[in-house]
Amino acid sequence: MTEDDQAADRSGQAPDSFAAAANAETSDTSSRDSAAGNSGTANSVDGLLASVDDDGLAGYNYAYLDEHTKREVRRAVLKAIAIPGHQVPFASRPMPLARGWGTGGIQTSLSLLGPEDTFKVIDQGSDESVNAANIRRLADRTADVETTTDTTDASVIQTRHRIPEEVMTEDQILVLQVPTTDPLRKVDGSDDANRRRHAHKNYSKMWVYLYENVVEWGEIQIGAAYPVLVNDRYLMSPSPVPRWDTPKLDDADTLFLFAAGREARIYAVPPHTDVEPLAFQDRSFQVERFAEACRFCGSRDTYLTEVETDDGDRLFACNDTSFCEKRQDNPEIEKSHHLDRSGVEWGPPPARGGDDA
Amino acid sequence: MGYVAVTAGEEVIKRAEDLFEKRRVEGNDDPVEIDQVANQFGRLTSQAMGEGGLYAPRLAARAVKQAQGETTEAAFLLRAYRSTLERWDYTDPVNPSDMFATRRVSPAYKDVPGGQILGATKDYTQRLLDFGLDDDTSDPTVDWDVDKESPQRLQNVMDVLREDGLVADQPGVDEDEPFDSTREPVLFPAPRSAVLQELARGETGAITALGYSSLRGYGSVHPTLAEVRVGRLPVRIEHPYTGDPVEVTSTEVTETEAVVPVYAKRDDPRFAFGYGLTFGRNERKAIGMSILDASIALGGEEPAEDEEFVLDVIDGIDSFGFIEHLKLPHYVTFQSTLDRIRALRRRAGATDNAEPATAEVSDDD
């Protein structure tokens with residue numbers, strides 16, 4: 001499997017230098033320069049205490065996590081790739097970010113990143129969100145990677161709740177932050193019980209839940225995090241991406257990794273895997289639709305969010321700010337503009353005559 | 001147009017940090033020294049160490065200062081730091097009766113071997129604000145006339161009951177290697193060593209609330225405490241060359257052992273048993289932990305008796321993070337929710353200004 005090889009290749013990247021930031025802050029680097037891994041930092045109590053007093057990240061390993069932890073995360077990733085949609089437990093480490101703020105994503109990203117990588121972080125579609133900036137800063141300080149806001153330049157993208165609008169390729173990995181791992185949590189709070197349901201592919205409670213939705217409300221009321229069946233086997237939460245993004249998971253060129261730090265689970269959708277949103281024959285899966293175009297770039301084929309302005313106006317704007325800026329420069333640019341082929345399916349088909357509300 | 005794209009980035013983060021740090025100095029008073037925190041706010045550092053799972057009083061004092069007194073934040077700092085440290089060795093198991101106890105009370109018996117030792121406590125002090133506290137630096141015990149006899153080991157009260165065969169062993173006493181919940185994910189049913197670890201690192205308020213829930217009637221465990229101890233436990237490791245156990249340091253801990261008279265649940269009428277241990281002085285947490293340990297072992301339908309429920313919600317770092325993550329932007333998922341609400345309302349024939357639909361739209365974020 002190409003994705004296996006890809007991940008294995010990354011796992012083999014031995015870090016050969018500390019982040020520049022790690023050494024720049026200390027005058028006493030003699031004991032650390034030669035050290036590979038954090039064994040060097042723990043050589044002396046003095047070394048430990050010195051690192052505590054530093055306000056930089058001196059004394060921390062390359063990409064923050066120790067090599068053992070990164071290997072463990074990569075093993076969980078490989079297992080997740082081997083069983084698409086299956087939630088693999090891993091020993092999530094405490095990170096210097098709050099749990100629920102992307103700690104699973106950053107552990108996964110830091111385990112994959114090497115000095116050759118280019119890293120992009122987006123939070124709710126924006127590179128400039130404070131939490132995205134904070135995560136990017138951690139990778140920048142500890143893993144010595146290039147960072148970018150351009151989707152097409154990145155080799156690894158960590159994201160919260162969006163899949164970029166520009167078509168992702170087989171050379172890229174998308175790491176999605178996951179707050180709630182199991183879609184069955186809607187029908188049963190116990191992961192223990194839900195693990196048994198997954199083992200038996202027993203998703204009847206979920207189907208009943210959707211059916212009751214239709215009976216009570218006429219349609220399915222799930223907004224984001226719409227449950228999907230992966231490879232015709234595992235029910236999976238695509239993380240709280242809007243339904244707009246859900247079709248992008250199906251038969252994609254890209255490896256999608258889903259990581260939950262607080263819940264200590266990693267799962268994956270490998271390239272070219274079938275991903276099917278749950279729906280009924282007479283109640284089809286529907287994506288969000290927008291009555292207007294993006295006020296800034298005029299797009300009608302991107303996910304928009306509505307904005308209430310100071311003067312009481314309500315307007316719609318592209319959520320993927322990076323792509324919106326490109327469209328503002330060149331309104332004709334396609335989502336597949338960077339590929340050597342066009343007509344690539346990515347995201348929902350264009351809306352038909354308003355039949356899906 | 002009034003709308004400005006929300007851009008923030010690193011400059012804004014830096015400024016927010018600067019404002020936070022400003023709070024520390026804007027009163028123009030003397031900076032609090034780490035030693036002052038360690039020595040005068042021992043309860044705070046105890047709580048941070050217990051919930052952080054790292055016994056390091058000076059680091060804990062630094063964390064408390066850095067967190068401006070917020071214990072969960074301080075525990076979080078300790079945990080994040082702890083996770084970067086190499087694991088060198090495991091200590092030898094230590095028997096609680098090896099503790100040098102500075103306080104030991106046994107509610108179960110009027111008199112116990114070794115006696116009741118009240119030690120340092122405010123349990124029986126009237127809670128009156130002390131307006132004379134400011135300049136008081138005198139040691140009220142300076143004139144005490146105490147013998148300089150060496151401390152004696154105290155027999156565990158529990159051993160008295162065990163010798164009579166009145167206490168059932170908890171499952172897991174024969175576990176050779178303790179589970180390490182910081183290195184392996186906890187799956188259910190969890191080994192007891194994992195349960196005890198998670199409870200020992202649990203958030204003090206959460207342990208107290210869930211333990212109290214059982215006493216309050218949402219559960220069947222109302223224990224009698226065999227004893228509550230505060231003292232120092234030796235830390236022993238195996239000498240790398242001789243193989244002999246060597247005492248390298250000691251840790252202050254609070255420990256409690258509880259018996260629970262719920263013999264109706266057992267074929268053999270004996271006491272059930274609950275155990276609580278936490279770093280530093282934190283008797284409330286140790287007792288709450290012993291209630292939850294016993295509740296989980298006995299099982300039942302109530303929240304405190306559900307192992308998965310208790311362990312899922314007890315961790316302060318987990319709950320802290322997820323509760324506070326709601327402050328993060330949610331406009332993508334909110335837009336998706338708006339779309340569903342409007343679709344349901346259209347289907348119900350409502351207009352935008354009519355009574356709001358009551359459908360619960362979920363997005364699980």
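The largest nonpolar core here has 132 residues, and A:L257, A:A268 and B:L78 have the most contacts inside it. By nonpolar core we mean buried Ala, Val, Leu, Ile, Met, Phe, Trp, Tyr and Cys residues joined through C-beta atoms within 7 Å; buried means that 20 or more other C-beta atoms lie within 10 Å of a residue's own, with C-beta atoms placed from the backbone. Helix α9 of chain B (residues 283–298) gives the most to this core, with eight residues. Helices are DSSP runs (H or I, at least four residues), numbered from the N terminus.

A quick word on the model: it is predicted, with local features needing pLDDT of at least 70 and side-chain atom pairs counting only at pLDDT 80 or more, while totals for chains, interfaces and linings use all residues. Residues are numbered from 1 along each chain as its sequence is written, and chains are lettered from A and ligands numbered from 1 in the order in which they are written.

Back to A:L257. Leaving aside neighbours within four places in sequence, A:L257 is in contact with A:V77, A:T108, A:I173, A:V175, A:L176, A:I266 and A:A268 (in contact: C-beta atoms, placed from the backbone, within 7 Å). There is also a second, separate core of 10 residues, which includes A:Y303, A:F316, A:F323 and A:C324.

Now for where the chains meet. Chain B puts 50 residues into the contact and chain A puts in 59 residues. On the chain B side, α1 (9–25), α5 (71–82), α11 (316–324) and α12 (331–347) each supply at least two residues. The largest share, 12 residues, comes from α12(B).

Next, the domains, whose bounds come from an automatic or database domain assignment. Chain A is split into domain 1 (18–60), domain 2 (62–288) and domain 3 (289–337). Chain B gets domain 1 (31–86) and domain 2 (96–120 + 153–320).

The C-alpha centres of the two chain B domains lie 23 Å apart, and their contact takes 14 residues from domain 1 and 15 residues from domain 2. On the domain 1 side, α3(B) gives the largest share, eight residues. In chain A, 25 Å separate the C-alpha centres of domain 2 and domain 3, with 15 residues of domain 2 in contact with 11 residues of domain 3.

Here is the make-up of three contact sides, with Ala, Val, Leu, Ile, Met, Phe, Trp, Tyr, Cys and Pro as nonpolar, Asp, Glu, Lys and Arg as charged, and the others, Gly among them, as polar.

| Side | Touches | Nonpolar | Polar | Charged |
|---|---|---|---|---|
| Chain B | Chain A | 23 residues | 12 residues | 15 residues |
| Domain 1 of chain B | Domain 2 of chain B | four residues | seven residues | three residues |
| Domain 2 of chain A | Domain 3 of chain A | five residues | four residues | six residues |

Conventions
Two residues are in contact if their C-beta atoms, placed from the backbone, lie within 7 Å. A residue is buried if 20 or more other C-beta atoms lie within 10 Å of its own, exposed if 12 or fewer, and partly exposed in between; C-beta atoms are placed from the backbone.
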